[in-house]
Each structure stands twice: as C-alpha cells, then as structure tokens.
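This report describes a structure of paired chains for a reader who has not seen it before. Please look at the sequence and the model first.

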Protein chains: 2
Amino acid sequence: MGTARVVFDRWDWAYAERMASVRSSAVRDLFGAATRPDVISFAGGMPDVTKVPAEAVARAAREALRESAATALQYGSSEGRPGLRRIFVELMAESGIRAKPDDVVVTAGAQQALDLVGKAFLDPGDVVITEGPTYLGALQAFSAYRPRIVCIPMDDDGMRVDLLEAELERLGLRGAKFIYTIPNFQNPAGVTLSPERRRRLVELARQYEVPIVEDDPYGRLRFEGGHCKPLKALDDDVIYLGTLSKIFAPGLRLGWVCAPRPILQKVLLVKQAADLCGSEFSQAVAERYFTGTRWRRVLKDLTQAYAERRDAMLAALAEHLPPEVRYTRPQGGFFVWVELPAFIDTKPLLAEAVERGVAYVPGDAFYPDGRGRNCMRLAFCFAEPEQIEEGVRRLAEVFEDRLELYRAFADAGLAV
Amino acid sequence: MGTARVVFDRWDWAYAERMASVRSSAVRDLFGAATRPDVISFAGGMPDVTKVPAEAVARAAREALRESAATALQYGSSEGRPGLRRIFVELMAESGIRAKPDDVVVTAGAQQALDLVGKAFLDPGDVVITEGPTYLGALQAFSAYRPRIVCIPMDDDGMRVDLLEAELERLGLRGAKFIYTIPNFQNPAGVTLSPERRRRLVELARQYEVPIVEDDPYGRLRFEGGHCKPLKALDDDVIYLGTLSKIFAPGLRLGWVCAPRPILQKVLLVKQAADLCGSEFSQAVAERYFTGTRWRRVLKDLTQAYAERRDAMLAALAEHLPPEVRYTRPQGGFFVWVELPAFIDTKPLLAEAVERGVAYVPGDAFYPDGRGRNCMRLAFCFAEPEQIEEGVRRLAEVFEDRLELYRAFADAGLAV
C-alpha cells in the first residue's frame with residue numbers, strides 16, 4: 001500500500017483539514033526494505049524479541065486463559081486491568097516514582113498515549129515544545145491536532161534548558177500546551193538529560209505553568225552510569241508515559257499513562273472514544289509474564305546484548321567514518337545520532353544505502369520543519385555486533401564520495 | 001475513577017476545545033453496577049465469551065508463539081498481518097463482498113475504525129448522518145471531531161430512506177461527510193434495513209456524493225429470515241467496518257476497515273499516528289483460531305444461545321410490560337429497543353432499577369441531542385433465559401408506578 005500510486009482521489013474534497021499535516025512515518029515506510037534479508041537495518045527501533053522466551057509467553061497465555069478466560073476474552077474497563085496497573089506502579093516505584101494504580105491508564109503502547117494526550121490538549125495553532133530532534137511517532141501523533149511545534153536543541157546533557165527558558169519567556173505564562181521530552185537515551189539523539197537539568201526543567205515548567213509529558217521507553221535499558229530520577233519523581237504533576245515494548249515485547253501493544261487525576265480523566269474519555277478499552281487478552285498475558293516468569297533475567301540479557309551492540313557500533317563508527325562526522329555516545333537505549341557535514345542530505349542517499357545493503361532513518365524525519373537533513377538515526381538494537389560492523393562499513397562507503405568532495409573544497413579553503 | 005469528583009482542575013485552561021463535546025460512555029460508566037452479581041444486566045452489549053473454548057485459544061496462542069514468535073512479539077505493519085487480512089476477506093466473501101487483502105486495514109476493534117474514519121474525514125461543523133438512535137460508541141468517536149450529527153428515524157425496516165433523501169436534498173451535493181449506518185440488527189434499535197432500502201441508500205449516497213460507513217458487527221448473528229447483502233456488496237465505494245468481537249472475542253480488540261484504496265491510505269496514516277500498528281500477538285492468535293479451530297461450530301452455538309435469549313426477552317416483555325410500552329423484535333444481534341410513554345424519563349429511573357437488581361442503558365445515550373429519554377436499550381446477549389425473565393419482571397416493577405399514573409391521566413382524558 002505504501003507504494004500504491006493514487007492518480008485521482010475523488011474523495012479528496014471530503015477529508016479533514018488535518019490530513020494535510022498528518023504525515024507518513026519514514027520508519028513505517030522503510031519496513032519493506034528493512035526486512036529484506038540482505039539489508040542490515042539500522043532503521044527501525046525494533047527490540048530483539050528473540051531474547052524473550054516464547055514458551056514463557058505461551059505459558060502466561062495458557063494460565064491467563066485457564067484462570068480468567070471470562071475476563072481475558074471480554075471487553076474490559078477503559079482504565080485497564082487492575083493487576084497490570086499494579087505492576088506498572090511497581091515498575092515506576094523502582095525508578096523512584098510514587099503512584100497508585102488509580103493514577104494509571106493502560107494504553108496501546110506509549111504511541112496511543114501520545115495520541116490521547118495530543119487529543120486531550122491540542123487545538124490548531126497551540127504550541128508544543130519538544131526536543132529537536134525528537135521521536136517521529138510523537139510528531140505524527142501531535143501533528144494530527146495541528147499544533148505549532150517548537151524544538152529546543154540538545155547537547156550531550158540533553159535538552160538545553162537555558163534555551164528552553166528563553167523560549168518559555170518568549171511564549172509567556174501558559175504559552176505552550178505541554179513540553180514533550182524523552183529524558184533517557186533520547187530517541188533519536190541517544191543523549192540523557194542530566195540531573196541538574198531535570199531539576200531545572202520541572203522548575204521552569206512550574207514557573208510558566210506548562211505541563212510536562214515525559215516519555216520513558218528506554219529508562220531501564222542503561223548500560224553504564226548511574227540511574228537518573230525521572231521527572232515524574234521530581235514533580236508529581238508530570239504526565240509520565242511508560243511502555244512494555246522495550247522491556248517485554250511490542251507485539252502486545254501495552255503502555256501506560258500516569259498523570260494527575262484530572263488529566264487522567266480526560267485521557268480516559270478520549271481513550272473510550274478511541275477504542276473503548278485495551279486488549280484484556282494482552283493485558284492478562286502481560287500480568288502473568290510479570291508475575292510468573294523470570295522477566296528481570298530476560299531484561300538483563302537484553303540490556304547486555306544492546307550494550308554489546310552499542311559498543312560494536314561506536315567502535316565501527318570510530319573506525320570507518322571520517323573525523324568530519326560527529327555522533328553521540330549513548331549510555332543506554334537504542335540509538336546513535338550521526339551528524340554529517342551540512343552539505344550532505346541523507347534522504348536522497350538512502351536509496352543508495354539500501355542498494356548497498358544498509359538502512360537508516362534520515363534526520364529530517366525527526367524535525368517538524370525540514371531540519372536535520374545532514375543527520376541520520378542509527379538504531380543499534382536489532383542487528384548482531386558483526387552485522388553492525390559490516391553495516392557501518394557499507395554506510396561509510398555510501399558517504400565516502402561526498403566526503404571526499406567536501407574535503408577537496410575544504411582544502412581549497414572554500415565554504416560548502 | 002468514574003466516581004472521582006474533581007473539585008478544582010488547574011489544568012482546565014489547557015484542554016482542547018473538543019473536550020467540551022467528548023462525553024463519557026453511559027455503558028462504560030455502568031460497568032461497575034453491571035458486574036455486581038445481584039444485578040441482572042441488560043446494559044452492556046457483552047458477548048457470551050464463556051461459549052468460546054478457552055483451551056482452543058490457548059492452543060492458538062501456543063502455536064502462534066511456536067511458529068512465529070519473532071513476528072508475534074514484534075512491531076508489525078500498520079495494515080496488519082497479511083494472513084489475518086486474508087481471513088477477513090474470506091469472512092466478507094461469505095456475505096457477498098468481493099475484496100482483496102490490500103483493501104483491508106486491521107484495527108483495534110471496530111471502535112478504532114470509527115475513530116480513524118472520524119479523524120480522516122471530520123472538521124468541526126461538518127455534517128454526519130446517522131440513524132436515530134445510533135451506536136453510542138460512534139457518537140463518542142465522532143464527537144471528538146465536533147461534527148453536527150443529523151439523525152434519521154427508523155421503523156421496522158431500518159433507516160427511513162425517504163427521510164434520508166429529504167435530508168440529503170436539504171444539505172445539497174456533498175452536504176455531509178458520510179452516512180453512518182448499522183444495517184443489520186441495529187445497535188440499539190435491533191431493526192434491519194430491508195433489501196429495497198439498501199439499494200435505495202447506495203443510490204442516494206452516489207447521487208449526493210456522500211460516502212457510506214457501514215458498521216456490521218452483528219451481521220453473522222442472524223436467528224431467522226434470509227441473509228441481506230451488505231451495502232458494500234452493492235457498492236464497492238462503501239467503507240465497511242467489521243469486527244471479531246461478536247464472532248470470536250472482544251478481548252483481542254480486532255476489527256477491520258475495508259474501503260477504496262485512497263480512503264484506506266488516509267485511514268492508514270491516522271492509524272500510524274494513533275498506535276503505530278495493531279497487536280501482532282492478538283492478530284497471530286486470531287489467525288490460528290480461524291484456521292485451526294472449529295470456530296463455525298462455536299459461532300453456531302453462540303447464535304443459538306442468543307436466539308433463545310431473544311425469545312426469552314420478547315416473551316417476558318409481552319408478559320410483564322403493559323400495552324403502552326412498544327418494543328422492537330430483532331431477527332438477530334444483541335438488542336431490543338423499548339419505547340415507554342413520552343412522560344417517562346428512563347435516566348433518573350436507572351438508579352432505582354439497579355436498586356431492584358436490573359440494569360439497562362437509558363435511551364438518550366444513543367442520540368446526540370437529548371432525544372430518546374423515554375426509551376431504553378435492553379441487551380439480551382449476556383444473561384441466561386431465566387435471568388432475562390426475572391430481569392424483565394424487575395424492570396416492569398420499576399415502571400409500574402409511573403405507568404399507573406399515566407393510565408389515570410389517560411383515563412381522565414388528560415394529556416401528559
């Protein structure tokens with residue numbers, strides 16, 4: 001379908017205005033290429049589910065259906081299963097967040113939570129503040145509600161809160177509907193917000209009365225360095241989004257929102273309108289998985305594997321890419337952000353890269369406004385270390401010609 | 001959470017304007033009361049999942065995880081699993097619809113399809129035409145996009161297409177974004193659109209260039225009478241919504257949209273923004289259920305059980321309710337629509353009914369504008385025949401006092 005060409009669409013008159021701003025996901029569209037066996041994919045942020053013991057999940061399903069088929073196969077409450085919400089509360093407690101099951105609504109992955117938050121808060125023209133670059137699924141979800149998205153640059157310590165402050169000052173009190181942030185191992189930049197900046201961020205949000213939406217899919221996938229408290233642990237007003245996609249499996253589509261009750265009631269209303277309730281079946285299976293299996297062991301193995309892949313990628317980048325290329329050094333998560341010299345546009349080069357057997361996501365997918373063209377996101381989560389080495393080698397070949405041109409210009413003292 | 005009272009909401013300034021028109025589901029809010037063991041519930045349209053063999057589902061899950069864990073636990077395509085889309089195509093073929101898997105997008109129940117269609121088509125103030133009364137989940141889904149909803153009355157043959165024609169004439173060419181209809185065993189009215197009116201409906205939609213959204217959750221649950229071809233079988237431009245909730249289990253949240261390709265592409269875009277993709281796990285399990293089990297046998301048993309419950313309800317209504325009360329006689333599905341004399345308001349009486357151990361959904365939940373106050377929807381799908389008899393008896397008691405008053409007035413020749 002992604003390739004179907006529509007010559008004439010006679011329903012064109014009928015679509016909502018928002019359809020002009022809803023865009024397709026670069027990552028989704030890459031799925032076809034990324035699953036070709038000869039292509040080493042650094043594109044999608046797909047967790048390595050082969051490390052999740054399928055028989056343990058099958059056992060969880062059998063037990064869920066033996067003990068509670070009448071609820072697991074039925075419609076459920078829009079909030080989600082109480083047992084699973086308790087598990088989410090325990091998971092959050094381990095990273096320093098104090099919450100009750102009634103503070104939580106189960107969602108279809110964190111992606112649905114982004115959509116519901118956007119739906120509850122955004123009118124056309126409203127301002128949303130995000131990191132720049134930011135998660136493209138968030139841009140997709142929010143863009144359907146037609147906000148103006150303002151991106152705050154990052155450095156190695158995450159969002160530049162000094163620049164955020166300047167922006168908030170410009171916008172004035174309640175000048176934005178919310179600040180969307182991924183503090184841990186940011187998608188796509190891979191950087192982590194420092195503890196000092198976390199404190200400053202919640203202060204600023206309070207001062208300017210702008211809610212914070214904290215998206216934390218990778219927080220438990222830390223390879224090194226100390227745990228940083230979530231923003232939600234610093235300020236109970238934060239809207240916190242969690243997911244099982246990276247610590248268990250995305251195929252069950254389970255995430256959650258933890259937010260102040262008034263906000264949660266709005267989220268619940270739009271959740272009812274969106275799908276009535278989540279999958280009781282998925283929820284019942286996840287409940288058993290997190291109570292009856294050695295899931296911490298699995299998560300430890302997963303984190304170990306991702307750490308090795310990160311190492312392989314950083315080593316390969318250091319070996320194969322020339323010094324003009326800059327990239328981040330993530331302490332966890334899935335992604336490295338690569339910045340090439342400004343004159344290189346990663347988007348038209350993607351076809352060539354796929355031709356050579358390697359895929360990535362061009363950087364402009366992570367900006368609302370066309371920035372990031374000389375950047376790309378590399379996901380190290382899915383490929384094995386040897387593949388990663390080979391993939392980066394292929395990638396270097398793709399950029400080599402362009403870089404030589406760049407060097408020739410630079411040597412001649414010419415700006416490009 | 002439904003009962004939590006929010007005295008002061010300091011985020012009130014921040015919510016989107018649409019939140020003023022998004023309403024809570026009367027049925028969702030009733031879930032608490034409806035699950036009290038002493039209450040016989042005619043409220044929620046919950047299928048009787050106890051007739052679905054849990055061990056067959058567990059086997060389907062085990063096989064799905066044994067044969068395809070790498071996909072079942074992973075993110076999937078936004079369109080949904082090809083194998084499941086083929087099954088949906090076969091299901092549709094059995095009722096006369098010709099389609100290909102590429103004409104189908106898998107959704108989280110038909111409810112998500114309603115939300116996605118609303119999102120793709122509706123700007124504030126746009127007109128949507130529905131039957132009156134109509135499915136409250138559709139009202140919820142659409143209302144988030146702030147359309148003006150115009151209800152066309154029904155009789156025993158379904159939507160009054162003569163009144164529809166008058167309305168379309170008033171609105172003019174392309175005067176509405178779509179016509180939403182449930183032709184089979186309508187929710188909540190229980191009536192079925194006649195074959196003649198189906199033909200006329202698609203003619204009118206073509207003439208006025210208004211797309212049709214056909215919602216068909218109950219089409220396969222026919223107790224008697226001949227099969228009526230879906231609108232989609234009469235006109236390929238129809239947007240058809242299907243679901244596994246009533247022929248398998250709602251707990252997996254699986255439904256689908258079958259629509260012309262250009263429309264499907266728009267649905268796919270908003271689907272990506274809403275949740276990236278559906279649950280591969282649920283889809284893989286459903287795939288096995290529909291290929292490896294005797295699901296037709298289960299569906300036959302289910303339909304048989306619902307037919308007996310319909311009979312029990314119609315018999316009890318005839319016995320216990322006085323002649324002033326009118327009700328529909330469905331040939332399939334889940335619901336009977338009851339109309340009481342105009343001066344009775346079923347909403348304030350609900351608390352009393354629950355007190356006496358019976359629950360229903362007040363009629364105004366099925367209108368966008370407060371109509372239907374003297375009506376109620378009775379779902380016969382969930383209770384056993386003996387319970388249904390007892391439930392209707394209790395219901396009759398609740399209304400008896402009011403009806404006596406009514407009779408006294410009527411006898412005295414006074415209007416009420």
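In strand 14 of chain B, B:Arg377 is the bridge partner of B:Val361. The model in which this pairing is found is a predicted one. Strand 14 spans residues 375-379, and its antiparallel pairing with strand 13 of chain B runs over 2 bridges. Both strands belong to an open sheet of 4 strands in chain B, ordered 10-11-14-13, with antiparallel pairing. At the edges of this sheet lie strand 10 (326-327) and strand 13 (361-362), each of which pairs on one side only.

The next topic is how the two chains are related. A turn of 180° with a shift of 0.0 Å along the axis lays chain B on chain A, with an RMSD of 0.0 Å. This is the relation of a two-fold axis.

How many residues of chain B are in contact with chain A? The contact involves 77 residues of chain B and 77 residues of chain A. Helix 1 (26-34), helix 2 (54-72), helix 4, helix 5 (136-143), helix 9 and helix 10 (280-292) of chain B each bring at least two residues to the side that touches chain A. Helix 9 of chain B gives the most to that side, with 12 residues. Sorted by class, the side of chain B that touches chain A holds 43 nonpolar, 17 polar and 17 charged residues. Of the interface residues of chain B, 100% are also interface residues in chain A, so the copies meet through the same surface.

Two helix contacts between the chains are set out below.

| Helix in chain A | Helix in chain B | Angle and axis distance |
|---|---|---|
| Helix 4 (residues 109-121) | Helix 9 (residues 261-275) | about 105°, axes 5 Å apart |
| Helix 9 (residues 261-275) | Helix 4 (residues 109-121) | roughly 105°, axes within 5 Å |

Angles of 65 to 115 degrees count as roughly perpendicular, and helix 4 of chain A is therefore roughly perpendicular to helix 9 of chain B. From helix 4 of chain A, the residues A:Gly109, A:Gln111, A:Gln112 and A:Asp115 meet B:Ala273, B:Ala274 and B:Asp275 in helix 9 of chain B. The residues of this contact divide into 2 nonpolar, 3 polar and 2 charged.

For the second pair, the crossing at roughly 105° makes helix 9 of chain A roughly perpendicular to helix 4 of chain B. Here A:Ala273, A:Ala274 and A:Asp275 of helix 9 of chain A make the contact with B:Gly109, B:Gln111, B:Gln112 and B:Asp115 of helix 4 of chain B. By class, the residues of the contact of helix 9 of chain A with helix 4 of chain B are 2 nonpolar, 3 polar and 2 charged.

Key
Residues are numbered from 1 along each chain as its sequence is written. Chains are lettered from A and ligands numbered from 1 in the order in which they are written. This is a predicted model: local features need pLDDT of at least 70, side-chain atom pairs count only at pLDDT 80 or more; totals for chains, interfaces and linings use all residues. Copies are superposed by least squares on the C-alpha atoms of residues with pLDDT of at least 70 in both. Two residues are in contact if their C-beta atoms, placed from the backbone, lie within 7 Å. Two strands pair if DSSP finds at least two bridges between them. Axes are lines fitted to C-alpha atoms, for helices over the stretch in contact, and angles run from 0 to 180 degrees between N-to-C directions. Angles under 35 degrees count as roughly parallel, over 145 as roughly antiparallel, 65 to 115 as roughly perpendicular and the rest as oblique. Ala, Val, Leu, Ile, Met, Phe, Trp, Tyr, Cys and Pro count as nonpolar, Asp, Glu, Lys and Arg as charged, and the others, Gly among them, as polar.
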